[in-house]
Amino acid sequence: MTMAALVILGLRLSGSVQQTGLAWSYMAILSTVVLAVLLVIAVHEGGHMLAGGLVGYRLAGFGIGPLVMRRDERRWHFNLNWRWAAAGYTLSVPEESYHAIRRDAIMIASGPLPGFVLAGIGMLLAQVIIT
C-alpha cells in the first residue's frame, strides 16, 4: 500500500501522464517507483537505527539501496554496492549484554513500525491529491 500511494503521489506531482510524451511518462513512472522503493527502505532501516541507538547499540554500518556505509574504529567508509540496489540493512552492535533478548526484540520490531506510519501518510496524501 505504501508503494502504491507513493507512486500515485509522485505521478501527480510530476505532472499527469497525459500531458507529457510517452517516453517521459515511462521515465516519470520508473523514477517515481525507484525513489519510492528507496524511501521505504530508508524509513524501515531508520527505524532499526533509531531503536538500536535508544537501547544502547552502536551503529556499525548500514545500507540503503546501493549506498553502503560502514564504520571502523576511527571513521565512516562510504561506497556503492549494486548487489544491494533494492535492499537495505542495519548493522548494530550491543555495547553491553544486559537484557539482550528484550533489546534485540525492540530493535527488530522497530523496522516495520515507521513503514506503517509512512503508509498512512502516503495514503492520506494520495487521497487528498487525487480528489
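Here is a walk through the fold, its strands, one aromatic pair and a few residues that connect separate parts of the chain.

The model is predicted, so local features are taken at pLDDT of at least 70 and side-chain atom pairs at pLDDT 80 or more, while totals for chains, interfaces and linings use all residues. Residues are numbered from 1 along each chain as its sequence is written, and side-chain values use heavy atoms, with hydrogens and water left out.

Let's start with the overall layout. The protein chain has four helices and four strands, where helices (H or I, at least four residues) and strands (E, at least two) are DSSP runs numbered from the N terminus. Their order along the sequence is α-α-β-β-β-β-α-α. Of the 131 residues, 30% are buried; here buried means under 20% relative accessible area, exposed means over 50%, and partly exposed is in between, with a 1.4 Å probe and protein chains only. The accessible surface comes to about 8,700 Å², and 70% of that belongs to carbon and sulfur atoms; these areas come from the Shrake-Rupley method with a 1.4 Å probe, and for residues only the protein chains shown count as cover. Now for contacts, meaning heavy atoms within 4.5 Å. Among those in the protein chain with a separation of 6 or more, 62% are between residues 24 or more positions apart.

Next, the strands. E1 and E2 (residues 67-71) run antiparallel and are joined by four bridges; two strands count as paired if DSSP finds at least two bridges between them. They form a hairpin with two residues between them, and Gly65 in the turn has a positive phi of about 65 degrees. From E2, a hairpin of four residues leads on to E3, and five bridges join these two antiparallel strands. You can follow individual bridges too: Phe62 has Met69 as its partner in E2, while Arg71 has Trp76 as its partner in E3.

Phe62 and Trp76 turn up again in the ring geometry. A search of the whole structure finds one aromatic pair. Phe62 and Trp76 form this pair, with 6.0 Å centre to centre and 70 degrees between the planes, which makes it edge-to-face. For the cut-offs, rings of Phe, Tyr and Trp (its six-membered ring) pair if their centres lie within 6.5 Å; planes under 30 degrees apart count as stacked, over 60 as edge-to-face and the rest as tilted. The pair links distant parts of the chain, as Phe62 sits in strand E1 (residues 57-64) and Trp76 in strand E3 (residues 76-80), 14 residues apart. Phe62 is buried at 13% relative accessible area, whereas Trp76 is partly exposed at 31%.

Phe78 is another aromatic residue in strand E3. Its relative accessibility is 56%, so Phe78 counts as exposed. Beyond residues up to four places away in sequence, Phe78 touches Val68 and Met69. From Phe78 to Phe62 the C-alpha distance is 9.9 Å, with their positions 16 residues apart in sequence.

Over in strand E4 (residues 88-94) you'll find Thr90, which is buried with a relative accessible area of 18%. Leaving aside neighbours within four places in sequence, Thr90 is in contact with Glu45, His48, Met49, Leu59, Gly61 and Phe62. With Glu45, the side chains make a polar contact of 2.6 Å. A polar contact is a pair of N or O atoms within 3.5 Å; within protein, one must be able to donate a hydrogen and the other to accept it, and residues adjacent in sequence count only if both atoms are side-chain atoms.

After E4, the loop towards H3 holds His99. His99 has a positive phi of about 50 degrees although it is not a glycine, and it is partly exposed, at 49% relative accessible area. In this part of the sequence there is also a charge over a ring: Arg103 lies over the face of Tyr98, at 4.7 Å from the ring centre. The criterion is NZ of Lys or CZ of Arg within 6 Å of the ring centre and within 35 degrees of the ring normal.

The last stop is Ser110, in the loop between helix H3 (100-109) and helix H4 (112-130). Ser110 is buried, at 11% relative accessibility. Not counting residues up to four places away in sequence, Ser110 touches Gly47, His48 and Ala51, and its side chain reaches the backbone oxygen of Gly47 at 3.0 Å. Ser110 and Glu45 are 65 residues apart in sequence, yet 8.9 Å apart in space, C-alpha to C-alpha.
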